[in-house]
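The following exercises concern residue contacts, core membership and helix packing. Each task is followed by a solution that proceeds step by step.

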Amino acid sequence: MLVIYPIVIAALVGFAVTSGPSKPRVAVLNQVPQSATQISLGGESVNVSREARPLFDAIDRVDVHSRQEALDKVRSGDVLGALILPPDITQRLEAATAGGGKPARVEVFYNAEDPAKQRFVENTIKARVQDANAALAKKFTQVADNYIHILSTGGSFSFLGQTFDVLGLQRTERILATVAGKLPKGSALGPQLAPVIAFARLARQNLGLADSVLSAVGTPIQVDTTIVKGGKTPLGSFAAAIAVTVTLMFVTLLLAAGALALEREENAFLRLVRGLVSRTGLLVEKVALAALCSLAVGLLLLAGLSIFVTLPWDRFALWVAALGLGALGFGALGVAMGALAREVRAASLMAFMASLPIAVLGLVPSGAVSAGVYDAVRAVSALFPFKPTLDALKSALSQSGSAGGPLLHLAILTVAFTLLARLALRRFA
């Protein structure tokens with residue numbers, strides 16, 4: 001085990017470091033009719049489905065048939081997000097070229113249980129939407145530039161199936177100047193035509209500035225985002241919660257398991273329980289001692305992390321509650337390991353080897369694996385204190401849900417592992 005275990009861990013770490021990020025699993029509800037995928041931009045036909053292909057290529061697409069189905073998949077963790085394309089998106093895009101109507105909008109729903117995964121999905125969708133906006137804005141600019149050229153020099157253009165002839169400012173200025181030159185000297189029309197000619201000249205000259213203005217137009221598609229599961233946990237707070245939870249787990253498990261196993265190895269356990277203290281009392285003292293020490297370590301670590309990450313000190317009471325009950329849960333688990341082991345080395349090895357898989361299972365995000373595997377991982381994680389401690393700390397360090405459920409979960413695990421350790425102590429008799 002000492003040989004195989006580090007090899008497996010090293011392989012997993014190497015794979016995680018060298019492999020690129022996988023595509024996020026996203027539910028897609030495409031409500032655009034098949035007959036409405038083509039739009040006309042300035043007489044040029046544009047296939048919206050082809051323009052949206054880079055977005056769909058960047059995600060692991062899961063097609064759904066209703067809005068409720070998409071939301072249910074996000075809430076259940078089957079997908080990390082949901083993208084909904086409304087049926088009028090192509091109509092709004094086409095109306096934008098005519099200078100009217102509201103901007104086209106798409107809806108995105110996120111599962112924010114894991115802020116890192118949420119950020120990955122959010123950045124992926126945002127980047128692809130920006131690419132689509134850039135492509136559409138370029139086409140809009142080309143169409144508008146053509147219209148401006150017609151207004152300046154004159155010509156014809158088609159709109160809604162009809163062709164219109166435009167005189168143009170340049171020809172208007174030339175015609176007005178010709179008419180003004182043929183007026184009799186002292187005519188009353190001369191002063192009236194002069195400002196009109198000046199306006200045509202000024203308008204034609206300033207139309208050249210429109211290109212720079214059009215280049216700034218870049219958001220024909222806007223995104224409405226909604227979080228349907230999980231809270232708004234900042235990525236820094238999430239990282240701090242993971243760091244403190246992992247530290248709390250290692251310190252408490254090793255201390256609690258080693259303390260009880262040491263008394264077994266040195267034959268002090270039997271002397272202590274002959275009248276000085278009950279077996280249950282001895283277990284409770286070991287759990288409390290390990291929890292108190294790791295609580296101090298956790299608070300010091302949070303204080304140090306607050307130098308680099310903004311943490312809400314006004315929720316300090318919740319910090320203590322989350323760390324305290326988490327430490328008690330890990331302490332009870334450590335005491336159970338110490339009761340099962342015959343010596344300190346075996347107990348320490350058991351605590352260390354169990355810690356990494358427990359942490360990995362607790363960090364598996366929804367949408368990273370299939371729904372069945374995720375349910376199994378979630379069920380196994382519920383048997384250990386890591387996941388509820390992490391959830392409680394996330395709530396304490398941000399506004400991410402209620403801490404009541406995870407704290408109650410930790411209290412139940414503390415009692416359960418203490419009872420398990422009490423049963424295992426029979427072998428010490």
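**Exercise 1.** Determine which residues Val-335 is in contact with, leaving aside its neighbours within four places in sequence, and place Val-335 in its nonpolar core.

*Solution.* Step 1. Contact is defined as heavy atoms within 4.5 Å. With neighbours within four places in sequence left aside, the partners of Val-335 are Ala-256, Ala-257, Leu-260, Leu-283, Lys-286, Val-287 and Ala-421. The model is a predicted one, in which local features need pLDDT of at least 70 and side-chain atom pairs count only at pLDDT 80 or more, while totals for chains, interfaces and linings use all residues. Residues are numbered from 1 along each chain as its sequence is written, and side-chain values use heavy atoms, with hydrogens and water left out.

Step 2. A nonpolar core is a set of buried Ala, Val, Leu, Ile, Met, Phe, Trp, Tyr and Cys residues joined through side-chain atoms within 4.5 Å; buried means under 20% relative accessible area, exposed over 50%, and partly exposed in between (1.4 Å probe, protein chains only). The largest such core has 46 residues, and Val-335 is among the members that touch the most others, together with Met-249, Leu-253, Leu-302, Leu-323, Phe-386 and Leu-397.

Step 3. Two or more residues of this core come from each of helices H9 (235–265), H11 (279–305), H12 (316–340), H13 (344–363), H15 (386–397) and H16 (404–424). Helices (H or I, at least four residues) and strands (E, at least two) are DSSP runs, numbered from the N terminus. H12 supplies the largest share, 11 residues.

Step 4. Another core, of 17 residues, lies apart from this one and includes Phe-56, Leu-83, Ala-104 and Val-106.

**Exercise 2.** Is Thr-252 buried or exposed, and which side chain does the side chain of Thr-252 join in a polar contact?

*Solution.* Step 1. Thr-252 lies in helix H9. Its relative accessible area is 0%, so Thr-252 is buried.

Step 2. A polar contact is a pair of N or O atoms within 3.5 Å; within protein, one must be able to donate a hydrogen and the other to accept it, and residues adjacent in sequence count only if both atoms are side-chain atoms. The side chains of Thr-252 and Ser-294 form such a contact at 2.9 Å.

Step 3. Beyond four places in sequence, Thr-252 is in contact with Ala-290, Ala-291, Ser-294, Ala-327, Phe-330 and Gly-331.

**Exercise 3.** Classify the packing of H12 against H13 and of H15 against H16.

*Solution.* Step 1. Axes are lines fitted to C-alpha atoms, for helices over the stretch in contact, and angles run from 0 to 180 degrees between N-to-C directions. Angles under 35 degrees count as roughly parallel, over 145 as roughly antiparallel, 65 to 115 as roughly perpendicular and the rest as oblique.

Step 2. The H12 and H13 axes come within 9 Å and cross at roughly 135°. H12 is therefore oblique to H13. Leu-333, Met-337 and Gly-338 of H12 meet Ala-347, Met-350, Ala-351, Ala-354 and Ile-358 of H13.

Step 3. For H15 and H16, the axes come within 8 Å and cross at roughly 150°. These two helices are therefore roughly antiparallel. Pro-388, Thr-389, Asp-391 and Ala-392 of H15 make the contact with Pro-406, Leu-407, His-409, Leu-410 and Leu-413 of H16.
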